[in-house]
Amino acid sequence: MTDHCKDCPPKPALRARPLLSSIQARELADLFKVLANDTRLRLLHAIAIEQEIRVSDLAQAVGMKAQAVSNQLQRLLDVGILASRREGNSIYYRIHDPCVINLLDQGWCLMEDARQSPARVA
(Lines give C-alpha, C1' and ligand atoms only; values in the text may rest on other atoms or scores of the structure.)
Protein backbone atom coordinates (compact mmCIF):
# COMPACT_ATOMS: atom_id res chain seq x y z
CA MET A 1 0.00 0.00 0.00
CA THR A 2 1.03 3.55 -0.59
CA ASP A 3 -0.14 6.86 0.81
CA HIS A 4 -0.63 9.05 -2.28
CA CYS A 5 -2.06 11.94 -0.29
CA LYS A 6 -3.27 12.37 3.25
CA ASP A 7 -6.95 12.63 2.25
CA CYS A 8 -7.01 9.80 -0.32
CA PRO A 9 -8.02 6.29 0.63
CA PRO A 10 -5.02 3.91 0.71
CA LYS A 11 -4.29 2.29 -2.64
CA PRO A 12 -1.62 -0.12 -3.86
CA ALA A 13 1.57 1.43 -5.18
CA LEU A 14 1.71 1.73 -8.96
CA ARG A 15 4.49 -0.87 -9.22
CA ALA A 16 2.43 -3.34 -7.19
CA ARG A 17 -0.60 -3.13 -9.48
CA PRO A 18 -1.13 -5.43 -12.45
CA LEU A 19 -0.59 -3.93 -15.89
CA LEU A 20 -3.52 -1.77 -16.99
CA SER A 21 -6.07 -3.62 -19.08
CA SER A 22 -7.14 -2.06 -22.38
CA ILE A 23 -10.39 -0.93 -20.79
CA GLN A 24 -8.63 0.60 -17.78
CA ALA A 25 -6.15 2.38 -20.06
CA ARG A 26 -9.01 3.84 -22.11
CA GLU A 27 -10.81 5.00 -18.95
CA LEU A 28 -7.63 6.61 -17.66
CA ALA A 29 -7.00 8.28 -21.02
CA ASP A 30 -10.56 9.63 -20.99
CA LEU A 31 -10.00 11.07 -17.52
CA PHE A 32 -6.75 12.70 -18.62
CA LYS A 33 -8.54 14.14 -21.67
CA VAL A 34 -11.00 15.89 -19.38
CA LEU A 35 -8.10 17.23 -17.32
CA ALA A 36 -6.04 18.18 -20.40
CA ASN A 37 -7.85 21.48 -20.84
CA ASP A 38 -6.37 24.75 -19.70
CA THR A 39 -9.75 26.23 -18.75
CA ARG A 40 -10.75 23.25 -16.65
CA LEU A 41 -7.35 23.24 -14.93
CA ARG A 42 -7.77 26.92 -14.03
CA LEU A 43 -11.27 26.22 -12.72
CA LEU A 44 -10.01 23.31 -10.62
CA HIS A 45 -7.23 25.45 -9.18
CA ALA A 46 -9.68 28.22 -8.31
CA ILE A 47 -12.00 25.70 -6.65
CA ALA A 48 -9.07 24.17 -4.76
CA ILE A 49 -8.12 27.61 -3.45
CA GLU A 50 -11.64 28.45 -2.27
CA GLN A 51 -12.62 24.86 -1.34
CA GLU A 52 -16.21 25.61 -2.37
CA ILE A 53 -17.42 28.30 -4.75
CA ARG A 54 -20.48 29.48 -6.68
CA VAL A 55 -20.47 29.54 -10.48
CA SER A 56 -20.78 33.34 -10.59
CA ASP A 57 -17.78 33.80 -8.29
CA LEU A 58 -15.81 31.21 -10.23
CA ALA A 59 -16.64 32.93 -13.52
CA GLN A 60 -15.44 36.24 -12.12
CA ALA A 61 -12.24 34.66 -10.78
CA VAL A 62 -11.25 33.24 -14.17
CA GLY A 63 -12.70 36.02 -16.33
CA MET A 64 -15.33 33.94 -18.12
CA LYS A 65 -19.09 34.02 -18.58
CA ALA A 66 -21.05 31.94 -16.06
CA GLN A 67 -22.60 29.77 -18.81
CA ALA A 68 -19.16 28.90 -20.21
CA VAL A 69 -17.96 28.00 -16.70
CA SER A 70 -21.06 25.85 -16.13
CA ASN A 71 -20.37 23.93 -19.33
CA GLN A 72 -16.80 23.17 -18.23
CA LEU A 73 -17.91 22.24 -14.72
CA GLN A 74 -20.37 19.74 -16.15
CA ARG A 75 -17.49 17.82 -17.77
CA LEU A 76 -15.75 17.65 -14.39
CA LEU A 77 -18.97 16.56 -12.67
CA ASP A 78 -19.51 13.84 -15.28
CA VAL A 79 -16.23 12.11 -14.39
CA GLY A 80 -16.73 12.47 -10.64
CA ILE A 81 -14.02 15.04 -10.00
CA LEU A 82 -16.45 17.65 -8.68
CA ALA A 83 -19.52 17.59 -6.48
CA SER A 84 -22.14 20.30 -6.10
CA ARG A 85 -24.82 21.43 -3.71
CA ARG A 86 -27.67 23.86 -4.08
CA GLU A 87 -28.35 26.63 -1.59
CA GLY A 88 -31.33 28.71 -2.66
CA ASN A 89 -30.66 29.86 -6.22
CA SER A 90 -26.92 29.24 -5.97
CA ILE A 91 -25.01 26.09 -6.81
CA TYR A 92 -21.73 25.58 -4.99
CA TYR A 93 -18.96 23.39 -6.43
CA ARG A 94 -16.19 21.59 -4.60
CA ILE A 95 -13.57 19.02 -5.52
CA HIS A 96 -15.08 15.65 -4.68
CA ASP A 97 -12.00 13.46 -4.99
CA PRO A 98 -9.09 14.66 -2.83
CA CYS A 99 -6.65 12.79 -5.09
CA VAL A 100 -7.28 15.51 -7.70
CA ILE A 101 -5.55 18.10 -5.52
CA ASN A 102 -2.50 15.86 -5.30
CA LEU A 103 -2.57 15.26 -9.06
CA LEU A 104 -2.68 19.00 -9.78
CA ASP A 105 0.12 19.63 -7.30
CA GLN A 106 2.27 16.89 -8.87
CA GLY A 107 1.56 18.20 -12.38
CA TRP A 108 2.58 21.71 -11.35
CA CYS A 109 5.75 20.29 -9.78
CA LEU A 110 6.61 18.42 -13.00
CA MET A 111 6.01 21.56 -15.06
CA GLU A 112 8.27 23.67 -12.85
CA ASP A 113 10.99 21.01 -12.76
CA ALA A 114 10.90 20.68 -16.56
CA ARG A 115 11.40 24.45 -16.91
CA GLN A 116 14.37 24.47 -14.57
CA SER A 117 16.35 21.52 -15.90
CA PRO A 118 17.66 20.88 -19.39
CA ALA A 119 16.21 17.95 -21.27
CA ARG A 120 18.18 14.78 -20.59
CA VAL A 121 18.88 12.05 -23.07
CA ALA A 122 19.97 8.67 -21.72
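**Exercise 1. Find which backbone nitrogen the side chain of N37 reaches, and place N37 in the fold.**

Step 1. The backbone nitrogen is that of R40, and the side chain of N37 reaches this atom at 2.9 Å. That is a polar contact (N or O atoms within 3.5 Å; within protein, one able to donate a hydrogen and the other to accept it, with residues adjacent in sequence counting only if both atoms are side-chain atoms).

Before going on, a word on the model: it is predicted, so local features need pLDDT of at least 70 and side-chain atom pairs pLDDT 80 or more, while totals for chains, interfaces and linings use all residues. Residues are numbered from 1 along each chain as its sequence is written, and side-chain values use heavy atoms, leaving out hydrogens and water.

Step 2. Along the chain, N37 sits in the loop between α1 (22-35) and α2 (38-50). Helices here are DSSP runs of H or I with at least four residues, strands are runs of E with at least two, and both are numbered from the N terminus.

Step 3. N37 is buried, because its relative accessible area is 19%, and buried means under 20% (exposed is over 50%, partly exposed in between; 1.4 Å probe, protein chains only).

**Exercise 2. Work out which residues of the largest nonpolar core touch the most other members, then follow L44 outward.**

Step 1. Among the 19 residues of this core, the ones touching the most other members are L44, I47, L58, V69, L73 and L82. Two or more residues each come from α1, α2, α3 (55-62), α4 (66-78) and β3 (90-95). A nonpolar core joins buried Ala, Val, Leu, Ile, Met, Phe, Trp, Tyr and Cys residues through side-chain atoms within 4.5 Å.

Step 2. Now take L44: setting aside neighbours within four places in sequence, its contacts (heavy atoms within 4.5 Å) are L35, L76, I81, L82, I95, V100 and L104.

Step 3. As background, nonpolar side chains in soluble globular proteins tend to be buried together.

**Exercise 3. Describe the lining of the largest pocket: how many residues, and which lie nearest its centre?**

Step 1. There are 23 lining residues, with K11, R17, L28, L31 and F32 nearest the centre.

Step 2. α1 provides the largest share, 6 residues. Both α1 and α5 (99-116) supply at least two.

Step 3. For the method, a pocket is an open set of points on a 1 Å grid over the protein atoms alone, where a 1.4 Å probe fits, with protein on both sides within 12 Å along at least five of seven lines; lining residues have an atom within 4 Å of a point.
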